[in-house]
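The following exercises are to be worked with the sequence and the coordinates at hand. Each task is followed by a solution in steps.

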Amino acid sequence: MAPFNFTHSDTSTFILTGIPGLEAAHIWISIPFFTFYIVSLLGNVTLLSVVGKEQTLQKPMYLLLCMLALTDIATPTFVVPKALGIFWFNLKGITVAGCLTQMFFLHTISVMHSSTLVTMAFDRYVAICNPLRYATILSNAQIAKLGLVGFIRAVLFILPLPLLLSQQTFCANRIIPHTQCEHIAMVKMVCGDIRVSRIYGFVLMFVINGFDLMLIALSYSLIIRAVLRISSHKAHQKALNTCTAHICVMLTYYTPTFFSILTHHFGQGIPPYVHIILADLYLLIPPMLNPIIYGVKTKELRDKVVKYTCRNSADTKFTQSSADTRHDITSGLQCPSGNCQIVREYVNQH
């Protein structure tokens with residue numbers, strides 16, 4: 001399972017305790033965990049399915065939504081199953097390699113998610129400020145290339161984190177008071193010089209989030225400037241409405257991210273379970289809310305979801321009705337000369 005090799009720690013394991021101080025409430029805490037995860041999967045899979053089936057939605061904006069949905073599926077999938085194993089079955093053990101692998105994928109997907117939000121901000125900038133060249137600047141092929149660049153960037157930035165930790169010796173006390181293998185929690189398990197890992201993680205956090213937020217802020221400052229130059233109030237409203245969903249998605253992602261980071265570094269008086277709950281909510285809430293936000297705010301997508309939902313419901317009812325009709329016809333047949341079987345076969349075929 002794990003791609004990282006070790007010379008001194010392969011047989012060792014860490015113990016993930018869950019949420020320290022709230023062990024007695026683990027069963028109750030698992031209910032929102034499970035609910036958020038299922039709602040997230042249903043919403044994002046529905047979005048992917050509708051965009052995949054509907055030809056008119058296969059354009060840059062909705063391809064970006066699909067990229068966001070993929071990261072929203074992957075993020076809780078790397079956390080929730082293990083957390084539920086802890087809450088329900090007391091399965092707290094995880095190998096060092098497995099822990100580093102989970103950490104690598106969690107942080108990689110987080111960076112990809114941030115890259116997607118930057119690309120979506122650029123998409124809105126081009127759509128509002130340079131609409132006549134939109135199809136030229138942002139084609140489906142260009143979106144695919146930007147997605148690949150985001151993936152490569154994430155891997156190159158995050159890969160050193162587990163590689164640096166894999167060279168360290170971990171302490172005898174291998175208890176991690178958390179539901180997941182965060183980088184900060186892993187660094188605390190090291191018995192040795194952790195300056196390089198700590199500095200790299202700290203710089204990486206501010207470089208990636210700071211750079212991405214700077215690009216998003218630049219895009220929206222240019223959008224606002226362009227909108228203010230429009231004289232028509234209706235055009236104002238239309239332009240701003242196209243950005244509302246993206247702004248909501250950014251707030252649901254970056255707000256808990258920075259709040260969790262700040263409480264980790266500066267909230268020494270805050271109980272540990274608050275840190276852990278915030279870290280978990282940061283991974284659970286945005287994936288659940290994103291498809292809902294875009295489903296509500298984007299009329300074209302909302303209409304297509306309703307269309308496919310109604311069609312599937314109608315198809316189910318029609319199939320059941322047809323089956324009942326065939327049964328009624330064939331059960332009421334009175335045919336001479338033993339030809340009932342032939343007639344029944346004809347009715348069932350038609």
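**Exercise 1. Helix geometry**

Compare the span of helix α9 with the span expected from its number of residues, then examine helix α11 for a departure from straightness. The model is a predicted one.

Solution. Step one: α9 has 34 residues, which at 1.5 Å a residue should span 50 Å. Step two: the C-alpha atoms at the ends of α9 lie 48 Å apart, so the two values agree. Step three: α11 covers residues 272–297, 26 residues in total. From first C-alpha to last, α11 reaches 37 Å, close to the expected 38 Å. Step four: α11 nevertheless has a kink of about 30°, centred on leucine 281.

For context, the protein chain contains 13 helices and three strands.

**Exercise 2. The nonpolar cores**

Identify the residues that touch the most other members of the largest nonpolar core, and state which helices each supply at least two of its residues.

Solution. Step one: the largest core holds 38 residues, and those touching the most other members are Leu117, Ile216, Tyr294 and Leu301. Step two: at least two residues of this core come from each of α1 (26–53), α2 (60–77), α4 (96–129), α9 (195–228), α10 (233–266), α11 and α12 (299–331). Step three: take tyrosine 294 and set aside its neighbours within four places in sequence; its contacts are then Leu65, Leu68, Met120, Ala245, His246, Val249 and Leu301. Step four: a second core, separate from this one, has 35 residues, among them Val80, Met189, Ile194 and Ile208.

In soluble globular proteins, nonpolar side chains tend to be buried together. In this protein chain of 350 residues, 42% are buried. Of the contacts with a separation of 6 or more, 79% involve residues 24 or more positions apart.

**Exercise 3. The buried residues of α9**

List the buried residues of α9 and recall the helical periodicity against which such a list may be read.

Solution. Step one: the buried residues of α9 are Ser197, Gly201, Leu204, Met205, Ile208, Asn209, Asp212, Ile216, Ser219, Tyr220, Ile223 and Val227. Step two: an α-helix has 3.6 residues a turn, so residues three or four places apart point the same way. Step three: Ile216 is buried in α9 and also appears among the residues with the most contacts to other members of the largest core.

**Exercise 4. Salt bridges around α12**

For the salt bridges of glutamate 54 with lysine 304, glutamate 300 with lysine 59 and lysine 299 with aspartate 303, determine the location and accessibility of the partners.

Solution. Step one: side chains of opposite charge can pair when their charged atoms come close. The whole count is seven salt bridges.

Step two: in the pair of glutamate 54 and lysine 304, the closest N and O atoms are 3.6 Å apart. Glutamate 54 belongs to the loop between α1 and α2 and lysine 304 to helix α12, so the pair ties together parts 250 residues apart in sequence. Glutamate 54, at 8% relative accessibility, is buried, and lysine 304, at 18%, is buried as well.

Step three: glutamate 300 and lysine 59 meet at 3.4 Å, N to O. Because glutamate 300 is in helix α12 and lysine 59 in the loop between α1 and α2, this pair ties together parts 241 residues apart in sequence. Glutamate 300 is partly exposed at 29%, and lysine 59 is partly exposed at 33%.

Step four: lysine 299 and aspartate 303 have their closest N and O atoms 2.8 Å apart. Both lie in helix α12, four residues apart, about one turn of the helix. Lysine 299 is exposed at 52%, whereas aspartate 303 is partly exposed at 37%.

Step five: salt bridges with shared partners join Glu54, Lys304 and Lys307 into one network.

**Exercise 5. Two loop residues**

Describe the setting of asparagine 90 and of isoleucine 230.

Solution. Step one: asparagine 90 lies in the loop between α3 (80–89) and β2 (93–95) and is exposed, with a relative accessible area of 53%. Step two: the phi of asparagine 90 is near 60°, a positive value in a residue other than glycine. Most residues other than glycine have a negative phi. Step three: isoleucine 230 is placed in the loop between α9 and α10 and is partly exposed at 30% relative accessibility. Not counting residues up to four places away in sequence, isoleucine 230 touches Ala235 and His236.

Note on methods
Residues numbered from 1 in each chain as written. Predicted model: local features only at pLDDT ≥ 70, side-chain atom pairs only at ≥ 80, totals over all residues. Heavy atoms only, no water. Expected span 1.5 Å × (residues − 1). Bend = angle between axes of the 7 residues up to and from the residue. Core = buried A, V, L, I, M, F, W, Y, C linked by side-chain atoms within 4.5 Å. Buried < 20%, exposed > 50% of the residue type's maximum accessible area, 1.4 Å probe, protein only. Contact = heavy atoms within 4.5 Å. Salt bridge = Lys/Arg side-chain N within 4 Å of Asp/Glu carboxyl O.
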